[in-house]
2 protein chains.
Amino acid sequence: MKVLVLGGDGYCGWPTSLHLSEAGHEVVIVDNFVRRTIDHELKAESLTPIADPQERVRAWREVSGQSIGLEYGDLLDWEFVSDLFVRHQPEAVVHFAEQRAAPYSMIDRRHAVYTQHNNVIGNLNVLFAINEFAPECHLVKLGTMGEYGYPNIDIEEGYIEIEHNGRKDTLPYPKMPGSWYHLTKVHDSHNIHFACRIWGLRATDLNQGIVYGTVTPQTEKDFRLANRFDYEEVFGTVLNRFCVQAAIGHPLTVYGKGGQTRGFLDIRDTVRCIELAIDNPAERGEMRVFNQFTEQFSVGQLAEMVVDAAGKLGREATIERLTNPRVEKEEHYYNAAHTKLLDLGLEPHYLSDSLLDSLLNIAIEYKERVDTDHVLPSVDWRTGKRDNVPIEEPTAL
Amino acid sequence: MKVLVLGGDGYCGWPTSLHLSEAGHEVVIVDNFVRRTIDHELKAESLTPIADPQERVRAWREVSGQSIGLEYGDLLDWEFVSDLFVRHQPEAVVHFAEQRAAPYSMIDRRHAVYTQHNNVIGNLNVLFAINEFAPECHLVKLGTMGEYGYPNIDIEEGYIEIEHNGRKDTLPYPKMPGSWYHLTKVHDSHNIHFACRIWGLRATDLNQGIVYGTVTPQTEKDFRLANRFDYEEVFGTVLNRFCVQAAIGHPLTVYGKGGQTRGFLDIRDTVRCIELAIDNPAERGEMRVFNQFTEQFSVGQLAEMVVDAAGKLGREATIERLTNPRVEKEEHYYNAAHTKLLDLGLEPHYLSDSLLDSLLNIAIEYKERVDTDHVLPSVDWRTGKRDNVPIEEPTAL
């Protein structure tokens with residue numbers, strides 16, 4: 001199947017592109033590479049060195065014999081997007097191409113506006129392009145479990161049957177997202193739902209949990225295929241961050257009480273979920289919603305697990321509770337449905353000692369590359385200010 | 001109270017500004033006057049001639065002795081917005097300054113993107129400005145009843161208590177809006193809710209029904225104070241359009257079966273609702289939602305009422321059912337709560353023969369100004385194309 005992977009150079013996009021290519025799909029990566037630029041902005045870099053895009057694709061051809069296309073462009077640029085769809089006539093589009101870090105969106109007004117503009121308008125352009133140039137194309141869109149927030153009732157997959165004053169209807173699940181970034185995914189979901197209703201587009205909205213791990217069977221075939229490993233507090237996801245903190249002997253930083261419970265999944269399941277969605281497309285007019293995670297943990301539990309795993313590797317790790325820079329409930333009910341991907345055949349990689357070992361060992365291998373300025377939170381949800389990171393004055397040239 | 005009226009030159013904004021000024025508030029109108037430019041784009045104009053903004057304000061000073069400030073600027077321009085809040089230190093901001101026509105947002109991709117960008121980012125800038133420069137300021141934001149869509153259960157005011165699998169929570173009411181425009185109001189609501197939760201802003205979200213009428217006690221004091229009367233199918237609201245059709249002897253155009261039921265209100269109630277919201281501000285951290293309408297009618301019922309009223313004035317009016325250019329349910333359950341503004345003291349002007357007479361008489365008085373090219377629908381929800389209106393080639397200068 002001809003598949004465009006929008007944002008195919010990123011943390012989830014790159015291993016997904018490799019996985020889909022290996023599965024026999026004709027993959028074209030579309031990316032503006034802004035994530036690499038943001039590394040420069042944040043004065044941060046992936047723990048694991050990552051190759052340039054063209055080198056990645058070349059390496060994949062050498063290793064697998066498969067070609068992956070590479071298109072440089074921005075989803076805000078309609079001329080680019082329309083031309084892309086006219087030329088490729090994709091049968092599926094996987095849309096990862098959004099600013100994906102909640103803390104980044106909370107830095108200040110400018111970053112909030114950038115995130116909402118980039119994500120919402122980019123996604124709108126994709127919807128219009130599908131409708132105009134490839135109406136049968138299946139949109140597989142990355143959402144987030146964070147769209148739902150933390151209600152005191154069970155979370156369902158996208159929709160909920162409500163009985164009210166003696167009548168019933170099944171309606172979109174109410175949303176209470178916790179950052180300007182998470183809000184964009186809510187906005188996107190509403191926009192996609194409308195496009196499916198009026199134009200009969202087909203879409204799958206994947207409300208993904210927090211991803212951990214960095215390695216897939218494809219990325220480990222060659223060092224040039226390595227995936228990003230973000231460990232700083234803006235883009236690094238929590239388990240990956242804890243492993244790096246343990247590797248460098250820094251206390252694991254838990255925000256507040258640590259009772260924040262979330263859905264998690266292994267990156268090897270991310271790529272498989274995308275494949276399952278593509279192989280089983282939504283009907284015309286349907287916006288399916290799948291909750292894409294495999295297990296629930298509290299942040300405190302994860303920290304304990306990393307402490308244990310580090311201990312077995314002979315490294316003493318400790319936990320430090322920080323004042324929570326985010327505005328969020330630190331103890332709450334959480335029970336979210338996640339059966340639809342299992343029904344399609346997902347066989348989860350549950351969080352295991354061996355995965356923690358592997359992450360810790362990668363972190364230990366590259367620990368000289370860790371910039372310790374970046375392991376503490378610097379973005380405050382209340383002030384919208386980035387405090388802790390020393391912003392250096394540009395040196396005179 | 002010092003009140004900024006964003007979009008204070010528009011159909012609801014102008015009479016609101018006059019009403020608040022007469023009520024003793026210190027009013028500053030903020031507008032980029034794009035609504036006047038869109039008239040040029042659509043080759044349309046208000047049925048009633050409207051004066052230039054500075055002439056309006058000058059007339060009001062002559063008539064009332066009250067000054068209304070006038071600020072030209074765009075909410076997308078952060079330098080303008082931040083400076084505005086720093087200089088004025090408003091105690092309340094009434095935010096009408098959004099592209100408000102569903103059909104306009106459905107013309108094509110460009111108009112959809114314009115609408116979402118303008119409305120969502122403009123509103124974000126207002127939120128950031130309040131938080132940074134006037135955190136006690138009460139945001140009174142115009143939403144729309146169209147945010148809810150047409151669920152098969154009763155519509156509540158913003159939130160709904162849901163009992164699910166033996167647990168309960170009160171959550172934002174699920175949204176199923178019916179156009180790219182209506183979607184922006186849903187996006188705004190989610191963004192405002194978040195700002196109230198993290199920053200403790202105070203906000204009132206007024207989910208307004210369809211407004212009819214054009215005259216208020218203030219606008220009729222001088223011909224230079226006249227309000228706009230939009231009758232074309234893009235910006236004209238349904239009852240106003242029917243009255244113009246009756247005045248020129250055109251059949252009243254009902255889309256589809258005419259069973260589309262909506263909440264309606266008189267523009268004299270719009271201005272009073274805004275005043276009630278301002279006089280009874282939300283608490284810090286609270287986003288109140290009021291459903292701002294006074295009666296429910298189906299479109300078919302309204303057409304019958306206009307036919308009757310026209311008959312009493314000696315004019316025979318007929319009804320023509322058109323193929324529905326919109327994607328919407330033409331028969332549906334509809335029962336929406338609207339008690340909160342009544343609780344604050346709203347005394348509704350229910351739709352009456354005398355109001356219909358007044359509207360019909362205005363329409364008859366100005367019928368020579370009606371451009372008959374604009375009374376039929378031209379924007380198709382399915383194709384996103386504007387078909388019926390002849391777009392003239394620009395003549396050579």
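This report looks at how two chains meet in a predicted model, and then at one sheet in chain B.

Residues are numbered from 1 along each chain as its sequence is written, and chains are lettered from A, with ligands numbered from 1, in the order in which they are written. Because the model is predicted, local features need pLDDT of at least 70 and side-chain atom pairs count only at pLDDT 80 or more, while totals for chains, interfaces and linings use all residues.

## Where the chains meet

Chain A and chain B each bring 38 residues to their contact (two residues are in contact if their C-beta atoms, placed from the backbone, lie within 7 Å). Four elements of chain A each supply at least two residues to this side: helix 6, strand 6, strand 7 and helix 7. Helices (H or I, at least four residues) and strands (E, at least two) are DSSP runs, numbered from the N terminus.

| Element of chain A | Residues |
|---|---|
| Helix 6 | 109-133 |
| Strand 6 | 159-164 |
| Strand 7 | 167-172 |
| Helix 7 | 180-199 |

Helix 6 of chain A gives the most, with 9 residues.

How are the two copies related? A rotation of 180 degrees with 0.0 Å of shift along its axis lays chain A on chain B, with an RMSD of 0.0 Å (a least-squares fit on the C-alpha atoms of residues with pLDDT of at least 70 in both). The copies are thus related as by a two-fold rotation axis. They also meet through the same surface, because 100% of the interface residues of chain A are interface residues in chain B too.

## A pair of helices

Helix 7 of chain A packs on helix 7 of chain B at about 160 degrees, and their axes are 10 Å apart. Axes are lines fitted to C-alpha atoms, for helices over the stretch in contact, and angles run from 0 to 180 degrees between N-to-C directions. The two helices are therefore roughly antiparallel to each other (an angle over 145 degrees). Among the residues that meet here are L183(A), H187(A) and F194(A) from chain A, and L183(B), H187(B) and F194(B) from chain B.

## A sheet in chain B

Chain B has an open sheet of 3 strands in the order 9-11-13, with mixed pairing (two strands pair if DSSP finds at least two bridges between them). Strand 9 and strand 13 of chain B stand at the edges with a single partner strand each, so one side of each has no neighbour in the sheet. Strand 11 and strand 13 of chain B run antiparallel and are joined by 4 bridges. One bridge partner pair is G263(B) and Q296(B). Helix 9 of chain B lies across strand 9 and strand 11, running at about 80 degrees to strand 11.

Note on methods
Parallel < 35°, antiparallel > 145°, perpendicular 65-115°, else oblique.
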